[in-house]
Amino acid sequence: MPFILRRLAFYAVAAWVALTLNFFIPRAMPGNAVQGIMAKFPDLQPSAYKALEAMLGVGHPGSLLNQYWNYLVDVFHFNFGTDVANYPASVSSLLVQTIPWTLVLVGAATVIAFVLGTGLGIVAGWRHGGWVDRWLPGLMFLQAIPYFFLALVLLELLAVKGHLFPLAQGYNGQIVPGWHWDFIGSAIDHSLLPALTIVLTSVAGWMLQMRNVMITTIGEDYVVAAQAKGLSSRRVVFTYAARNALLPQLQGFGLALGFVVQGALVMEIVFSYPGVGLLLLNAVTSTDYPLMQAIFLVITFTVLLANLICDVVIVFIDPRVRTREAAR
Amino acid sequence: MSALANTWRRLPFKAKAGAVLLGVFVLTAIIGPAVTPYDPSFQNPSQALSLAPPSAAHLLGTTQSGQDVLSQLLVGIRLTLELAVIVGVIATALSVLVGVTAAFLGGAWDEVLSLITNVFLVIPALPLLILLLGYLPQKGQLPTIIVLSGLGWPWGARVIRAQTLTIRNRDFVAASRESGEKTWRIIAFDIIPNEISLIAASFVNTVLYAIGASVALAFIGLADLNSWSLGTMLYWAQSQQALQLGAWWWFLPPGIAIALIGTALVLLNTGIDEFGNPRLRDARSATKIAGHRVEPTGPTPVLADLTARPSRVAALVHSFSRSSLLDETPAGGEIR
């Protein structure tokens, strides 16, 4: 399938650009990062200096090309070196601990927001000027609020004042993590408020786009024809208008996901949620460069993968993407 | 002046509301720092003024170290808006440069520039921004502006490239080229004036992005933490546990200011969108003539048409065919 192959090549290029940026940024920036780290962590052994140098590429052991090759090999083995802030731990072990939290939270909340927003968008587009439309300015206000600030407000209202939700953390600290219901229930309980934050801020974007596309689609001749044939409104809305209006929505999904992930990362800090965002904050406050770099790569690769999955779904849903390729 | 007033009257309500709201904040940014009641950094040693709730002397209360929140807010709005507008100008200029160049030169240039644009569109900006700013030895307004501008152009570039591609093939551009106009003249006088609304929308979006990103970066601590912006205010409120201490007056004002500026910009952008695509307009803007609703997009109503009462299905079909006569507009807008 040439369309998929072309997209695959594009994502490969994007991944390579991210890898290369990640390699050159520490080498191009002014200042000596190694000395900064050594000064910050007095308990680091002097022998760690060389290792840090190699990792950050400051000491330039070997030619640049050589370093680049070693770096690529390391990344493909999921080897991001040793963490500086939590010294004996490896960066990849820290990532493995935190990624599932963020992935499940952001994934579930995004799917809910997408389905809800698209559904509301269909209604708002079909009943143009109806009650759903009247909510639009309010939704725009919600959309304009930074994720982390909405998180603060919700915490204040629902957790501090209302006592409806737990204040922080990903699970009750008295429960030992594991695959048993106590822990899973506690984790779900703690993730409700962060998920609500994501849904509230991102639902307006989906709704607005779906509404606008619906309004344009309803004006198409085939929808008029369906209506004139006397088909039921439900049939016209869902199988004629909404099905076609859904395509731009899916095409935008991958890019929008990038924005959601970014917002969610900062939001995790407010909830002290044990995900990648909190890890990133710790990396920034302790100038933990290896961790920062690894997180950048992991987030970028996840977003690229999500985009690729989106493209595959589009090929299955939209026959035009396939036939356009066949016509070439 | 009357032309300006005329344009204003024709603007959709959303655009007007957005412009007025934004105007209030711009005005605050201009005169705010001059009318602050206190020095925003001054730490009042009085015990009673630590975390004091709003009062007549301190309209928005004080922080834990006795600083006046209102003064910080007035200075902060200036700093945040200043940064956002500068980033908006630089990044939009870059978008126009890349977008127009790619579409106009075509061929290999277009391939390469489009590839770069799409790659930077798909790589999430915030982790990259954090990485770049994290490696910089000193944080502050200038490095943030440079980094944000450097990563803020791809969306605009893509939209402007697409628009330039269609304008490039119009007859008046061909006419200019045939009459021997230089390429730069065609770009500056034929292409760009026809893209003004698109460039304006892209500017508004970039300002929105700059506010969101700079506030998020400051909230993480990647800013000059001794200066007062809306982001650093939230950073201090969060790191000194304003929420847990119940000091809502500390973190609510900067957050609400950000949300209101954001809403103003989104309203402005939706308004610009509706100005160009009347079908998106609120159906309430339809007027009533002889007791019948007439859509702004519809043709001039004929009285006979209105007095004859059409059946519901016929009216529906009619309304559809009317709008289908309108030219095709690209669906959707930016999703954020």
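**Exercise 1. Which residues does Ile295(A) touch, not counting residues up to four places away in sequence?**

*Solution.* Start with its partners in this predicted model. On chain A, Ile295(A) touches Val276(A), Leu279(A), Leu280(A) and Ala283(A). Then step across to the other chain: Ile295(A) also touches Pro127(B).

Now zoom out to the core. The largest nonpolar core has 160 residues, and Ile295(A) is among those that touch the most other members, together with Phe148(A), Ala151(A), Met214(A), Leu129(B) and Ile130(B). The top contributor to this core is α11(A), which gives 19 residues.

**Exercise 2. Work out how the side of chain A that touches chain B is made up.**

*Solution.* Begin with the head count: 64 residues of chain A are in contact with 52 residues of chain B. Next, list the elements that supply two or more residues on the chain A side: α1 (2-28), α7 (136-144), α8 (147-161), α9 (181-218), α10 (221-228), α11 (233-271), α12 (276-285) and α13 (289-317). Of these, α11(A) gives the most, with ten residues. Finally, sort by class: this side has 42 nonpolar, 18 polar and four charged residues.

For a close-up from the chain B side, pick Leu243(B), which sits in the loop between α11 (230-239) and α12 (248-276) of chain B. Not counting residues up to four places away in sequence, Leu243(B) touches Leu152(A), Leu155(A), Glu156(A) and Val160(A), plus Phe251(B) from its own chain. Leu243(B) counts as buried because 22 other C-beta atoms lie within 10 Å, and the cut-off is 20 or more.

**Exercise 3. Decide whether α9(A) is straight or bent, and locate any kink.**

*Solution.* First, get the expected span. With 38 residues, a straight helix would reach 56 Å at 1.5 Å a residue. Second, compare that with the model: the end C-alpha atoms of α9(A) are only 48 Å apart. Third, look for the spot. There is a kink of about 35° at Leu192(A), shortly before the proline Pro194(A).

**Exercise 4. Say how enclosed helix α5 (residues 125-135) of chain B is.**

*Solution.* Go residue by residue. The buried ones include Ala125(B) at the start, Pro127(B) and Gly134(B) further along, and Tyr135(B) at the end. The full tally is eleven of eleven buried, so the helix is largely enclosed by the rest of the structure. Two of its buried residues, Leu129(B) and Ile130(B), have already turned up among the best-connected members of the largest nonpolar core.

**Exercise 5. Compare two single residues, Val100(B) and Ser272(A): what surrounds each one?**

*Solution.* Take Val100(B) first. Its place is in helix α3 (residues 69-105) of chain B. Val100(B) is buried because it has 22 other C-beta atoms within 10 Å, where 20 or more are needed. Not counting residues up to four places away in sequence, Val100(B) touches Ile160(B), Thr164(B), Ile187(B) and Ile191(B). Ile191(B) is 91 residues away along the chain, yet the C-alpha atoms of the pair are separated by 8.5 Å.

Now Ser272(A), which is found in the loop between α11 and α12 of chain A. Ser272(A) has 14 other C-beta atoms within 10 Å, so it is partly exposed. Check its backbone too: phi is positive, at about 50°, although Ser272(A) is not a glycine.

**Exercise 6. Put the two chains side by side, then judge where to trust the model.**

*Solution.* Architecture comes first. Chain A has 14 helices and zero strands, while chain B has 14 helices and two strands. Buried residues make up 40% of the 328 residues in chain A and 41% of the 336 residues in chain B. Among contacts between residues at least 6 apart in sequence, those joining residues at least 24 apart make up 73% in chain A and 69% in chain B.

Now confidence. Chain A averages a pLDDT of 78, and the mean for chain B is 76. Within chain A, helix α3 (residues 48-56) is lowest, at a mean of 64, and α10(A) highest, at 87. Within chain B, helix α14 (residues 312-325) is lowest, at a mean of 40, and α3(B) highest, at 89. Over residues 303-336 of chain B the pLDDT is below 50, though this stretch has 51 contacts beyond near neighbours in sequence. Where pLDDT is low, the predicted coordinates should not be read in detail. For the complex, the predictor gives an ipTM of 0.80 and a pTM of 0.78.

Definitions and conventions. Residues numbered from 1 in each chain as written. Chains lettered and ligands numbered in written order. Predicted model: local features only at pLDDT ≥ 70, side-chain atom pairs only at ≥ 80, totals over all residues. Contact = placed C-beta atoms within 7 Å. Helix = DSSP H or I, 4+ residues; strand = E, 2+ residues; numbered from the N terminus. Nonpolar A, V, L, I, M, F, W, Y, C, P; charged D, E, K, R; others polar. Expected span 1.5 Å × (residues − 1). Bend = angle between axes of the 7 residues up to and from the residue. Buried ≥ 20, exposed ≤ 12 C-beta atoms within 10 Å, placed from the backbone. pLDDT = per-residue confidence, 0-100. Core = buried A, V, L, I, M, F, W, Y, C linked by C-beta atoms within 7 Å.
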